[in-house]
Amino acid sequence: MLYAPPPHIADMIQTIRQFLREELYPLERIYIPRGFKGAEEALAPLRQKVKKMGLWAPHMPKEYGGLGLSLTEFAYISEELGRSVFGHYVFNSAAPDIGNMELLLAHGSEEQKERWLKPLIAGEIRSCFSMTEPEHAGSNPVWMSTTAVREGDEYVINGHKWFSTSADGAAFTVVMAVTDPDAPKHRRASMIIVPTDNPGFVLEANTPVAGHVGEGYFTHGEVRFVNARVPVSNRIGEEGEGFILAQERLGPGRIHHTMRWIGIAERAFDLMCRYAVQRELAPGDPLSSRQIVRAWIAESRAEIDAARLLVLDTAARIDEQGAYAARNEISEIKFFVAGMLQRVLDRAIQVHGGLGVTDYTPLAYWYGHERAARIYDGADEVHKMVVARRILREYEKHVS
Ligand SMILES: Cc1cc2nc3c(=O)[nH]c(=O)nc-3n(C[C@H](O)[C@H](O)[C@H](O)COP(=O)(O)OP(=O)(O)OC[C@H]3O[C@@H](n4cnc5c(N)ncnc54)[C@H](O)[C@@H]3O)c2cc1C
C-alpha cells in the first residue's frame, strides 16, 4: 500500500483514535452549542493528559518538547486529530498557533524564542496572525494599508485587520505591515510581533461567522493597530521579508489544514455509514438499502482516499525537495481537498436528515465553519489560476 504510516506512527494513531473516541467525542455534543469558554475548562485537564501521554505538540522538535516528526509523519497525526472539533487544540497543534510556532522556530531570534515560542509550545499562551484587511482583497496579499514606520529603535504600527483567527485571548499577534512602500512589491512588508497588551492593539470585535460570534480560541478578531509601538527586535527575520516568510508559513500549513480536512471527512463518512445502516425508513428497511445513499458512500470513499494520496505525496515531496519544488502540488491539494470536504459533509448531513443540521453531531458545525476552507489559505480560484498558469506557460513556449 502506498503511503501506509510507518509502525511508530500507526501505533500513535491508534492511541489518539481511542483518546478522541473516549475523551473528546462526548464533549462535542455538550460544548459545540455552549461555546468555547465552557469547553476550555473541560479541555484543560485533557491537555495535561496528552502531555503525560507524551503526545503533546507532535509537530515540534524534541528539544522544544514535541515529538520531532517530519511533515509527512505529522500529516497522518493531523488527519487523526481532525476527527474531533477539539483534536488539534487539545494536542496543541491548532492553527494559527502551529503556523506561528513553525515561523518562530525557523526565523525567530533567540529572544523571541524564549519570550514567545517556548510558552506557546508549552500551551501557556495562544497567538494569532494578522494579515488580511477588510478594505483590500486578501487574494492580493501585497495590497495592504497597514504600515510600520521606524522611529529610532521602534516601529510605530497603524492599520486595520480582520479575520485574525483566535485573537480573543491571544498573548500576541504576528502582524504583516508595510515597512518600505517604495520597495518592489514582494519586499514591501515585514512580519512583526505585537503583544496584545500593547496599548495600540485594539480588538474591536469578534466577527460573527455562520451564526456564531465565538469565544476565545474559536473566534475571528477584527483588530486595529493605533500607533502601536514595539521594539525593532520584535520583527521576525529581515525587513522586507514578510511575504517570503508568509509563503514559507503557508507551505507546511496547507499540509496541516488539508490533512485536518481529511480527518473531518473521515469522521463525517463514519457518521454517515453508521446512520445509514441504523436508520430505518420502515421496519426492516434501512436507509443504506437505497441506491443513492450507496452512491454517496462509494463516491465519498473514493474522493477521501484520492485526497489523502495527493496530500501525502505532496508532503513527501516537501520533506525531500522543499516547499518551492512542491508549489504546484501545494496549490492542487488546497482546492482539491477543500472541495472534497464540502461534498462529503453535505452528503453526510443529507443522510442524517433533520438530525444533520442540529448540533447533536459535529456535522453542522463543520459545514458552517469549514465552508471557509474554500476561501482561507488562498481562495480556491487563486490556486486554480496559479496551477493552470504554470502548466500553460510550458505550452505557450511551443506556440509558433
Ligand atoms: C475562517 C477564516 C479564517 C481566516 N483566518 C485568517 C487569519 O488568521 N489571519 C489572516 O490574516 N487572515 C485570515 N483569513 C482571511 C483569508 O486569508 C481571506 O479571507 C482570503 O485570503 C481571501 O481574501 P478576501 O476574503 O479578502 O476575499 P477576496 O480577495 O476579496 O476574494 C473574494 C473572492 O473572489 C474570488 N477571487 C479572488 N481572486 C481571484 C482570482 N485571481 N481569480 C478568480 N477569482 C478570484 C474568490 O472566489 C474569492 O473567494 C481567514 C478567513 C476565513 C474565512
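**Close-up views of a predicted model**

**View 1. Contacts across the protein chain.** Among contacts in the protein chain with a separation of 6 or more, 72% join residues 24 or more positions apart. Keep in mind as you browse that this is a predicted model. The protein chain holds 11 helices and 10 strands. Its radius of gyration is 22 Å, close to the 21 Å that the globule rule gives for 400 residues, so the protein chain is as compact as a globular protein of that length. Taken along the principal axes, the C-alpha atoms fill a box of roughly 80 × 65 × 40 Å.

**View 2. The nonpolar core.** Let's step inside: buried residues make up 45% of the 400 residues in the protein chain. The largest nonpolar core has 106 residues, and those touching the most other members are Ile-157, Ile-192, Val-194, Ala-265, Val-311, Val-337 and Leu-341.

**View 3. A look around Val-337.** Val-337 is one of the core residues that touch the most other members. Setting aside its neighbours within four places in sequence, Val-337 is in contact with Thr-258, Trp-261, Ile-262, Ala-307 and Val-311. Val-311 also appears among the residues touching the most other members of the core.

**View 4. The shell around the ligand.** Here 19 residues surround the ligand, with Met-131, Ala-137, Gly-138, Ser-139 and Phe-163 coming nearest. By class, the shell has 11 nonpolar, 7 polar and 1 charged residues.

**View 5. Where the shell comes from.** Strand 1 (127-130), strand 3 (154-165) and helix 11 (380-396) each supply at least two residues of the shell. The ligand shell lies between domain 2 (127-236) and domain 3 (243-396), because both give residues to it.

Terms used: Residues are numbered from 1 along each chain as its sequence is written. This is a predicted model: local features need pLDDT of at least 70, side-chain atom pairs count only at pLDDT 80 or more; totals for chains, interfaces and linings use all residues. A residue is near a molecule or strand if its C-beta atom, placed from the backbone, lies within 6 Å of it. Helices (H or I, at least four residues) and strands (E, at least two) are DSSP runs, numbered from the N terminus. Ala, Val, Leu, Ile, Met, Phe, Trp, Tyr, Cys and Pro count as nonpolar, Asp, Glu, Lys and Arg as charged, and the others, Gly among them, as polar. Domain bounds come from an automatic or database domain assignment. The radius of gyration is taken over C-alpha atoms; the globule rule is 2.2 Å times the number of residues to the power 0.38. A residue is buried if 20 or more other C-beta atoms lie within 10 Å of its own, exposed if 12 or fewer, and partly exposed in between; C-beta atoms are placed from the backbone. Two residues are in contact if their C-beta atoms, placed from the backbone, lie within 7 Å. A nonpolar core is a set of buried Ala, Val, Leu, Ile, Met, Phe, Trp, Tyr and Cys residues joined through C-beta atoms within 7 Å.
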